[in-house]
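Trainee: I'd like a close look at one part of this model, strand by strand if you can. Could you then walk me outward from there?

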Amino acid sequence: MSELTNLTISQARDLLAKGELSSRQLTESHVEAMAQATQLNAFVSPLPDVALEMAEASDSRRAGGSAGPLEGIPLAIKDLFCTKGTLTTAGSHILNGFKPPYESTVSDNLWQAGAVMLGKTNMDEFAMGSSNETSYFGPVQNPWRGRGDNRALVPGGSSGGSAAAVAGRFAMAATATDTGGSIRQPAAFTGTVGSKPTYGRCSRWGVVAFASSLDQAGPITRDVRDNAIMLGAMASYDPKDSTSANVPLPDFEAALTGDIRGLKIGVPKEYVLDGMPGEIETLWQQGIAWLRQAGAEIIDISLPHTKYALPAYYIVAPAEASSNLARYDGVRFGLRVPGGDLREMYENTRATGFGAEVRRRVLIGTYVLSAGYYDAYYLKAQKIRRLIARDFTEAYETVDAILTPSAPSAAFPFGDKADDPIAMYLNDIFTVPANLAGLPGISVPAGLSAEGLPLGLQILAPAFDEETMFRVAGVVEQAANFTAQPEQWWKVPA
Amino acid sequence: MSVDKATVARIAHLARIGVRDEELEPLAAELSGILQWIEQLNEVDTAEVPPMASVHDQVLRWRGDVITDGGEQEEITANAPDGENGFFAVPKVIE
């Protein structure tokens, strides 16, 4: 049955429709692969029993003549999405034992579409991290390892568990979230496809909040078509999220025409970094050549405020986080650590419940919002944010999409950047601008590094034009013909 | 801008996070490093730039002033670390 774990969603969908495969079989093979991959620590809560029960219910629905667009497809859900009655941790100790009494809109949409839940995936605590080293439940290992090098590598973050599960072939696809690159960077590090749609495309209702003006849900998948299928099922207008966009939902899969003739692709000169590995630059040039060969017109553009995106982000995101995370007070849910009085109970609970990176960001956020510093930091960052968004608006007057690398390096070993917050933050240098501007972006695996590790290219598009994003991504995917897979060194004999 | 131990203690108090005395110094160094890195934003003249709080220039929607749900006391309090008679319980606040 192991070959079933190599299917894409679109392939499985066809076999299921023809009756040549049941959801039970498909789900069993993934549950088995998941049980063999515990060493990777990709799941906080593996849910094999729930998965098999949902698979059987799906087979019954299909037998009864009704099948949703994801009918019978086994998925992993990032542990940031609230799932009714099922432990939801956000990778944090402070949500100890929390079983939400409600379902997030995105996961509910997936169940309505017929999907099956394999489990809840591990992640950086409250989605704050780029390496999955900040999870209370321990780091996730990247299924990939360097050629002739058995050092464990980070899967990227914060959606590292979701990316590892898809790359390791034990989930067909996974939900993820992206506040500064948390879908696209782990996708690049694991040879998977990860997209962050336009802000407002997916409902944030029931998604544990990090930075509300930046957070967006999106899928991690094995190919671009699956990504389009998944996003179509996840996205919806939701009155329960005041920032949910009431716009038509296009057929993203239909956008994969393979035809980009005449499309104008921007290449921003500010994305060339000092000290960036030569192979990233080479891959980018390769991507440019592929798109030109496919008939696109390549245009040099300038996004002049790019270098200010990261420092602005590290004001805006922690400020919003410090406000959002104020709710963890040991009263209504999660951890409580007793103290002599109410204030001490709050302080003990939050000291014990939050890890080092979350504490660091809550403190930074509290500082930049505090009396006397608000204008110098928070207001300044909001003005820079306007300039970054304006850069894109002006660029999209002349181009239809933008091509950049997804991340400034391939996956790195554990501990490499753990002691230097700023070095860690630089991982997101190519992804953060799209969050600040609210624009859609996708990472597509496009080649291997000298060590044999996956590298990604990022395609950015104008707001609510995910169709162009997917169309260009499909062309990059076809040209790159990325078929490499990690060796399954983690498998324990059954 | 660099922050000192006293400032870290003050913001930790504002954030209601207990920080041990021996952690204040290393935290001050860490936070100062990040704040100094952020300071490069001052290179940009933003005098004429309006701040941006949301990516969509949309007016928040109104909904009808009607009851949409409720009566879920049991579900809402089910996750509380401590409770009594359908209420959340906290340490005594009034002496």
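Which residue in β3(A) is the bridge partner of Ala76(A)?

Mentor: In β3(A), that partner is Gly119(A). Keep in mind that we're looking at a predicted model. The pair belongs to a ladder of 5 bridges that ties strand β2 (residues 74-78) of chain A to β3(A), and the two strands run parallel. How does the chain get from one to the other? Through helix α4 (residues 105-112) of chain A: β2(A), that helix and β3(A) form a right-handed β-α-β unit.

β3(A) also pairs with strand β1 (residues 43-46) of chain A, this time in the antiparallel sense, over 3 bridges. If you want a spot to click on there, try Phe43(A), whose bridge partner in β3(A) is Thr121(A). So β3(A) has an antiparallel pairing with β1(A) and a parallel one with β2(A). Now check burial: strand β3 covers residues 116-121 of chain A, and 6 of its 6 residues are buried, so the strand is largely enclosed by the rest of the structure.

Once you've got that picture, hop along the chain to another β-α-β unit. Strand β7 (residues 264-268) of chain A pairs with strand β8 (residues 297-301) of chain A over 5 bridges, in the parallel sense. Pro268(A) sits opposite Ile301(A) of β8(A). Helix α8 (residues 278-293) of chain A joins β7(A) and β8(A) in a unit that is right-handed.

Next, have a look at the helices α9(A) and α11(A). Their axes are 7 Å apart and meet at an angle of about 95°, which makes α9(A) roughly perpendicular to α11(A). On the α9(A) side the contact uses Ile315(A), Pro318(A), Ala319(A), Ala321(A) and Ser322(A). Facing them from α11(A) are several residues, including Arg361(A), Val362(A), Ile364(A) and Leu369(A). Sort the contact of these two helices by class and you get 8 nonpolar, 3 polar and 1 charged residues.

Those two helices also take you to the partner chain. Across the interface, 51 residues of chain A are in contact with 40 residues of chain B. On the chain A side, α9 (309-324), α10 (342-353), α11 (356-369), α12 (374-395) and α13 (421-425) each put in at least two residues. The biggest share comes from α12(A), with 10 residues. By class, the side of chain A that touches chain B has 29 nonpolar, 10 polar and 12 charged residues.

How values were computed. Residues are numbered from 1 along each chain as its sequence is written. Chains are lettered from A and ligands numbered from 1 in the order in which they are written. This is a predicted model: local features need pLDDT of at least 70, side-chain atom pairs count only at pLDDT 80 or more; totals for chains, interfaces and linings use all residues. Two residues are in contact if their C-beta atoms, placed from the backbone, lie within 7 Å. Helices (H or I, at least four residues) and strands (E, at least two) are DSSP runs, numbered from the N terminus. Ala, Val, Leu, Ile, Met, Phe, Trp, Tyr, Cys and Pro count as nonpolar, Asp, Glu, Lys and Arg as charged, and the others, Gly among them, as polar. Axes are lines fitted to C-alpha atoms, for helices over the stretch in contact, and angles run from 0 to 180 degrees between N-to-C directions. Angles under 35 degrees count as roughly parallel, over 145 as roughly antiparallel, 65 to 115 as roughly perpendicular and the rest as oblique. A residue is buried if 20 or more other C-beta atoms lie within 10 Å of its own, exposed if 12 or fewer, and partly exposed in between; C-beta atoms are placed from the backbone. Two strands pair if DSSP finds at least two bridges between them. A crossover is right-handed if, with the strands pointing away from the viewer, the path from the first strand over the helix to the second runs clockwise.
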